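Q: I would like to learn how to read the features of a structural model, one at a time. Could you take me through the one shown here?

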Amino acid sequence: MDFVTEMKAKAVSASKKLVLPEGTDKRIIRAARVLMDEKIAASVTLLGSIADIQEAASSEGIDLYGINIVFPEADPNICKYAQTFYELRKNKGMTPEQARIDIIDTLRWGAMMVHLGDADAIVAGAESPTSDVLRAGLAIIGTVPGLKTASSCFVMTELDSKFGHEGAMIFSDCAVIPDPSPEQLADIAESAALSAREYLGIEPGVAFLSFSTKGSAKHDDVDKVLSAMEILKSRNVNFLYDGELQADTALIPSVLDKKAPGSPVRGKVNTLIFPDLNSGNIGYKLVQRMAKANAFGPFLQGFARPISDLSRGASVDEIVITCAVTLARS
């Protein structure tokens, strides 16, 4: 079963509630119809002006039957949501009055629905910058306990079957943090390991990539990776990892045997951690284009509850896939 089919099947089985904050976008409305018709989501809530959503749906010939529509400014939950937002942010200087103003932003409202359990997952970004989606998620949903960093991963499939898990791998972080600190790099590795379990159903074998292997070069960028490794060691994480490793060393057991004999990830690498966004973004695009691999994502990781970001150029099919993957998370 291919990755998309498997994620859709998992989402159908999970039967979770989805909120889409950009409810007036015609692509989002079309995707909502597909998600309901294919039972990928148990329920879909569109946020925005009811009249505007109805007008957009009508212009596209889309039936809104069974799809929830919420206009935050007029919703009965506004007092509860505003008070909760105030409690979450009062230590940052938030006032009750400002909380009531801020919470009607559809990104924040959607994040609050997830935080309070009124929705299980949120997908946004079709009309919003990634930074806005991240801010809403961090302010309300927060990160996984023990982690401070939200990051991203790509699920790469259709690779040569000798790589990763039957040609599928996790690449991280390729979309969010330009120059991660050692602590952030350790957080990214933990999140990516969880993504490997959730998206691919495998035990992670994590390789910290570098232009150096086991001290073959000296540089601050190499030291950063080594520091991240030490942080992971102190956390006693429950997955295999090693670094710093050059890409060929991580991926080819015969090369690993020469450059890093005895590595715990020999023949088990399925999750690649890039030292910065430059290498991560370049790396996944090179593999996607030159190896003709599928690159699904970026999927946000490190958040306490499921949240995903969309490209503002996303097609309806891409929106549906992102929603399915987000809903499929265990």
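A: We can begin at the surface, bearing in mind that this is a predicted model. A nonpolar surface patch of about 340 Å² is made by I282, L286 and M290.

Q: In which helix does I282 lie, and is I282 buried, partly exposed or exposed?

A: The residue I282 belongs to helix α12, which covers residues 277-290. Its relative accessibility is 48%, and because the partly exposed class runs from 20% to 50%, I282 counts as partly exposed.

Q: How should I read a pocket, and how much space lies in the largest pocket here?

A: The general idea is that rolling a probe the size of a water molecule over the atoms shows where empty space is left. In this model the largest pocket holds about 640 Å³ of space.

Q: Which residues lie nearest the centre of the largest pocket, and which elements each supply at least two residues of its lining?

A: The lining of the largest pocket has 30 residues, and those nearest its centre are F154, G297, P298, S311 and E318. At least two lining residues each come from β5 (151-157), α12, β10 (294-301) and α13 (316-328), and β10 gives the most, with seven residues.

Q: How do the residues of that lining divide into nonpolar, polar and charged?

A: The lining of the largest pocket divides into 14 nonpolar, eleven polar and five charged residues.

Q: Turning to charged pairs, how many salt bridges does the structure hold, and which residue does E38 meet in one?

A: A salt bridge is read here from a side-chain nitrogen of Lys or Arg within 4 Å of a carboxyl oxygen of Asp or Glu. The structure holds 17 salt bridges, and in one of them the side chains of E38 and K8 meet at 4.0 Å, N to O. That pair links distant parts of the chain, 30 residues apart, with E38 in the loop between α2 (26-37) and β2 (43-47) and K8 in helix α1 (residues 3-14). With a relative accessibility of 43%, E38 counts as partly exposed, and K8, at 24%, counts as partly exposed too.

Q: With which residue does D25 form a salt bridge, and is D25 buried or exposed?

A: The side chain of D25 meets that of R27 in a salt bridge of 2.8 Å, N to O. The relative accessibility of D25 is 8%, and because buried means under 20%, D25 counts as buried.

Q: Where do D132 and R135 lie, and how should I read their salt bridge?

A: Their side chains meet at 2.5 Å, N to O, and both residues lie in helix α7 (residues 130-141), where they are three residues apart, about one turn of the helix. At 28% relative accessibility D132 counts as partly exposed, whereas R135 is exposed, with a relative accessible area of 52%. Elsewhere, salt bridges that share partners join K26, R30 and E60 into one network.

Q: How far apart are the C-alpha atoms of L272 and G205, and is L272 buried or exposed?

A: These C-alpha atoms are separated by 8.5 Å, although the two residues are 67 residues apart along the chain. The residue L272 has its place in strand β9 (residues 271-273) and is buried, with a relative accessible area of 4%.

Q: What should I look for in the backbone, and which peptide bonds are cis?

A: As a general guide, most residues other than glycine have a negative phi, and most peptide bonds are trans. In this model the peptide bond from G243 to E244 is cis, with omega near -5 degrees, and E244 is found in strand β8 (residues 240-245). The peptide bond from G297 to P298 is cis as well, with omega near 5 degrees, and P298 has its place in strand β10.

Q: What is the phi of K39 and of K292, and where are these residues found?

A: Although K39 is not a glycine, its phi is positive, at about 60 degrees; K39 sits in the loop between α2 and β2 and, at 59% relative accessibility, counts as exposed. For K292, a residue other than glycine, phi is also positive, near 55 degrees. The residue K292 is found in the loop between α12 and β10 and is exposed, with a relative accessible area of 72%.

Technical notes
Residues numbered from 1 in each chain as written. Predicted model: local features only at pLDDT ≥ 70, side-chain atom pairs only at ≥ 80, totals over all residues. Heavy atoms only, no water. Patch = residues over 30% accessible without salt bridge, like charges linked within 9 Å, V, L, I, M, F, W, Y side chains within 5 Å. Areas by Shrake-Rupley, 256 points an atom, 1.4 Å probe, with all protein chains shown as cover. Helix = DSSP H or I, 4+ residues; strand = E, 2+ residues; numbered from the N terminus. Buried < 20%, exposed > 50% of the residue type's maximum accessible area, 1.4 Å probe, protein only. 1 Å grid on protein atoms, 1.4 Å probe; cavity = no way out; pocket = protein on both sides within 12 Å on 5 of 7 lines; lining within 4 Å. Points joined across faces, edges and corners; volume = space filled by probe spheres on them. Nonpolar A, V, L, I, M, F, W, Y, C, P; charged D, E, K, R; others polar.
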